[in-house]
Amino acid sequence: MLCLGIESTAHTFSCAIVERKGKQGKILSDVRKIYRPPAGEGIHPREASRHHAENSPEVLSECLKKANVKIDDIDMISYAAGPGLGPCLRIGAVVARSLSAYYGIPIYPVNHALGHIELGKMLTGAKDPLVLLVSGGHTMILAFLSKKWRVFGETLDITVGQLLDQIGRYAGFASPCGPKIEELASQSTEYVPLPYVVKGNDVSFSGLLSATKRAIPRGIEAACFSLQETAFSMMGEATERALSFTGKKELLVVGGVAANKRLSNILSSICARHDCKFFVAPKEYSGDCGSQISWIGLLESSKKPGITIEDTFVKQSWRLDTVEILY
Ligand code: AMP
Ligand code: MG
């Protein structure tokens, strides 16, 4: 079974072909083009969607070429229907609908956040993990129970990806800024006190964002170090509490921020205290990609048929905990 997955929720337009063999998936190709706003600026939805529309033919043809398949060999198409930026989501949906209608290929709308989790599980071998989903669009602690991913904690305002990107942009860097902040943080050990806000099992980053901006004149390296230590410790505390509560014996971290070594370092020491296995999505597949969308399509196709073009949709705020999992 071969599935073409199309991702276009935010900055990335990606097409991937994944082959399902039993419970395992094999990524045959995963091609991406990333919209990069000018230094100091955030994602402009209209500009990002224009980028996706302009690059979609090239990404699609390169994806087929790399996988060494023709469009007729594809058994199904899945696209990220949400959550994400409306103008960006619509480009992926239009490409998926056009191919589905013209070539008569079954189509599946899928939830982007679910893709991060299931691809992470497939690539790491985690079976029943507590999940920390940390990206540009999410900061959530989740566990699977009775057909749904249940939220044990989340951000009350901005996501950790937005926090890092907004600080980076304020300092004049180009988004995404996570890697640059990680590099600067590694050059300091000076902790500047910053607001640490955990409410129940939720976190809040907006006060931390303002305070870090004020700390930058004292040195960008110390500001980045202190920012990472504070934000990651907050998520660590909430994650540790969720681990104790759920009794899960596996922790999986997925999403673009999962690429951060200091975050893994904090989480793996928490896991050691709880006799819990630690898994992190491989760096190449932790951020947004077509493979995560393709893999969900393949999992869903084992339990339900594709939908009609008339029923296809995009939903900007499609929460993961509303999706019923059938597989
Ligand atoms: P996603 O939305 O899943 O593609 O994740 C994108 C987010 O991951 C952006 O906010 C990036 O700044 C962030 N990111 C990427 N690499 C790193 C890193 N090494 N450390 C921290 N954040 C990162
Ligand atoms: Mg994402």
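Q: Hi! How much area does the protein expose, and what share of it do carbon and sulfur atoms supply?
A: Hello! The protein exposes about 13,900 Å², and carbon and sulfur atoms supply 52% of that; the areas come from the Shrake-Rupley method with a 1.4 Å probe. This is a predicted model, where local features need pLDDT of at least 70 and side-chain atom pairs count only at pLDDT 80 or more, while totals for chains, interfaces and linings use all residues. Residues are numbered from 1 along each chain as its sequence is written, and side-chain values use heavy atoms, leaving out hydrogens and water.

Q: Thanks! What percentage of the residues is buried?
A: Of the 327 residues, 54% are buried, meaning under 20% relative accessible area (1.4 Å probe, protein chains only).

Q: New topic: what coordinates the magnesium ion (ligand 2)?
A: His112 (NE2), His116 (NE2) and Asp288 (OD) do, at 2.1 to 2.3 Å. Donors here are N, O and S atoms within 2.8 Å of the metal (3.2 Å for Na, K and Ca); water is not among the atoms, so sites may look incomplete.

Q: And what spacing do those donors follow along the chain?
A: The pattern for the magnesium ion (ligand 2) is H-x3-H-x171-D.

Q: Where do histidine 112 and histidine 116 lie?
A: Both are in helix 3 (residues 112-124), four residues apart, about one turn of the helix. Helices are DSSP runs (H or I, at least four residues), numbered from the N terminus.

Q: Are those two histidines buried or exposed?
A: Histidine 112 and histidine 116 are both buried.

Q: Last one: what does the C-alpha trace span?
A: Along its principal axes, about 60 × 45 × 30 Å.

Terms used: Chains are lettered from A and ligands numbered from 1 in the order in which they are written. Buried means under 20% relative accessible area, exposed over 50%, partly exposed in between (1.4 Å probe, protein chains only). Helices (H or I, at least four residues) and strands (E, at least two) are DSSP runs, numbered from the N terminus.
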